[in-house]
Amino acid sequence: MSATPPPGSPDTEAPRAAIGRTQTTTDQVTAVPVKLLQATLNDAAVTPAAGDPLPPLWHWLYFLPDATMSNVGPDGHPKRGGFLPAIALERRMWAGGRLTFHDDPPRLGDTITRDSEILDVQEKSGKAGDMVFVTVRHLISTPRGLAVEEEQDIVYIAMPTAFRPPPPVEAPADPAWRDPMTVDPVLLFRYSALTFNGHRIHYDRPYAMDVEKYPGLVVHGPLQAMALMEAARRHMPSGRPASYSFRGVRPLFDFDTVAIHAYARADGGHDVMTVNGDGHVCMKATVRWADS
Ligand SMILES: C/C(=C\C(=O)SCCNC(=O)CCNC(=O)[C@H](O)C(C)(C)COP(=O)(O)OP(=O)(O)OC[C@H]1O[C@@H](n2cnc3c(N)ncnc32)[C@H](O)[C@@H]1OP(=O)(O)O)C(=O)O
């Protein structure tokens, strides 16, 4: 385990030396981000009140990165170094995650604590070339105890010279349900603002296209994961998600026509996925329901 270097200082150690590094942060579950995300997701939910439970995944509205402008890197994220290892590969993507939701969620008004640990740093070679996956575990607690266990996978890839999408994965036929999802630059801007995510691929088209070589603005992985979870909850109103896992398979863009497909699983859960206009899966997620 290594001590956390100051933000922006290059990690002189091997990236795997960061494994075991820990960080604890606290925050307050306030109403304004909840109201603004409801509006952003076109959700006509009632005004949030003290004591209301946060829907699953909505803890992503808290514990936001607060790097000063002088500590922001060229991609708009906090400069490399600090808690996360300073990976040299320039292009960062949110690759996936796994969550367990305990019985008593964070509630409006709670002071919440996030205990984070770098669980793994793995160099891999894939179709996109050399990659480094960093897995971070977050344990989210309220005054009543552990509420959410989460593992996040972040991937770093070399800056490409041209956009080379992963091989397409066709969405299976005959979904149990299929909902349209509208994505556009305003949605992406609002989600970036709500999560204080400065990554320029989501709102700065010249940067996204000229520097990272995407064909358009990239839809956030966490936004897709949330949209999939919200769709699953709409269709299963009496279900309580017990666990959730998701993986970004293919980038989704602001110009795409998007649908959310769902497929019932033999274990009582659902596979849900964002599917682009070509019928290709972009994010694939699995929700398992408590008591199913
Ligand atoms: C927020 C935020 C950023 C974002 O939101 S970025 C937008 C959301 N993320 C995406 O759109 C990711 C889309 N996915 C991809 O572009 C590709 O799947 C990816 C991640 C570049 C990998 O593609 P490859 O074709 O190179 O992968 P391979 O099939 O060759 O697999 C090689 C090994 O990597 C493992 N792997 C692949 N994808 C994932 C994944 N999503 N999560 C975890 N692991 C993955 C795969 O299992 C192979 O491993 P082996 O051990 O079997 O070698 C922000 O920055 O904050």
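This report describes selected helices, loops and strands of a predicted model.

## Helix 4 and its surroundings

Helix 4 covers residues 221–235. The helix holds 15 residues, and the distance from its first C-alpha to its last is 21 Å, close to the 21 Å expected at 1.5 Å a residue.

Most of helix 4 is covered, since 12 of its 15 residues are buried. The buried residues are G221, P222, L223, Q224, A225, M226, A227, L228, M229, E230, A231 and A232. Several of these names return below, in the contacts of the helix with other parts of the chain.

## The packing of helix 2 against helix 4

Two packed helices are described by the angle between their axes and the distance between the axes. In this model, helix 2 (residues 185–194) packs against helix 4 at an angle of about 100°, and the two axes are 10 Å apart. Because of this angle, helix 2 is roughly perpendicular to helix 4; the range counted as roughly perpendicular is 65 to 115 degrees.

Which residues form the contact between the two helices? Helix 2 contributes L187, L188 and Y191, while helix 4 contributes P222, L223 and M226. By class, the residues of this contact are six nonpolar, no polar and no charged. The three residues from helix 4, namely P222, L223 and M226, also appear among the buried residues of that helix.

## W177 and M236

W177 is located in strand 6 (residues 177–181). Is this residue buried or exposed? W177 is buried because its relative accessible area is 10%, and the limit for a buried residue is under 20%. Not counting residues up to four places away in sequence, W177 touches A231, A232, H235, M236, I260, H261, A262, H270 and V272. The C-alpha atoms of W177 and P105 lie 28 Å from each other, and the two residues are 72 residues apart along the chain.

M236 lies in the loop between helix 4 and strand 7 (241–248). With a relative accessible area of 26%, M236 is partly exposed. When its neighbours within four places in sequence are left aside, M236 is in contact with W177, H270 and W289. From C-alpha to C-alpha, M236 and V169 are 26 Å apart in space, with a separation of 67 residues in sequence.

## V287 in strand 10

V287 belongs to strand 10 (residues 281–289). Its relative accessibility is 0%, and V287 therefore counts as buried. Apart from its neighbours within four places in sequence, V287 is in contact with M229, A232, P241, S243, Y244, G269 and H270. Two of these partners, M229 and A232, are buried residues of helix 4.

How many residues lie between V287 and G269 in terms of separation along the chain? They are 18 residues apart, and their C-alpha atoms are separated by 5.6 Å.

## Loop residues F63, F196 and D204

F63 is found in the loop between helix 1 (31–40) and strand 2 (91–101). This residue has a positive phi of about 55°, although F63 is not a glycine. F63 is buried, and its relative accessible area is 9%.

The loop between helix 2 and helix 3 (205–211) contains F196. The phi of F196 is also positive, near 50°, and this residue is likewise other than glycine. D204 is placed in the loop between helix 2 and helix 3 as well. D204 is buried, with a relative accessible area of 17%. In sequence, D204 and P74 are 130 residues apart, whereas in space their C-alpha atoms are 12 Å apart.

## An annotated region

An unreviewed UniProt entry lists residues 85–148 as "domain: FAS1-like dehydratase". In the model, what share of this span is helix and what share is strand? Residues 85–148 are 0% helix and 70% strand, and the C-alpha atoms at the two ends lie 24 Å apart.

Technical notes:
Residues are numbered from 1 along each chain as its sequence is written. This is a predicted model: local features need pLDDT of at least 70, side-chain atom pairs count only at pLDDT 80 or more; totals for chains, interfaces and linings use all residues. Side-chain values use heavy atoms; hydrogens and water are left out. Axes are lines fitted to C-alpha atoms, for helices over the stretch in contact, and angles run from 0 to 180 degrees between N-to-C directions. Helices (H or I, at least four residues) and strands (E, at least two) are DSSP runs, numbered from the N terminus. Angles under 35 degrees count as roughly parallel, over 145 as roughly antiparallel, 65 to 115 as roughly perpendicular and the rest as oblique. Contact means heavy atoms within 4.5 Å. Ala, Val, Leu, Ile, Met, Phe, Trp, Tyr, Cys and Pro count as nonpolar, Asp, Glu, Lys and Arg as charged, and the others, Gly among them, as polar. The expected span of a helix is 1.5 Å times one less than its number of residues. Buried means under 20% relative accessible area, exposed over 50%, partly exposed in between (1.4 Å probe, protein chains only). UniProt positions are given in the numbering used here, feature names are shortened, and annotations may be inferred rather than shown by experiment.
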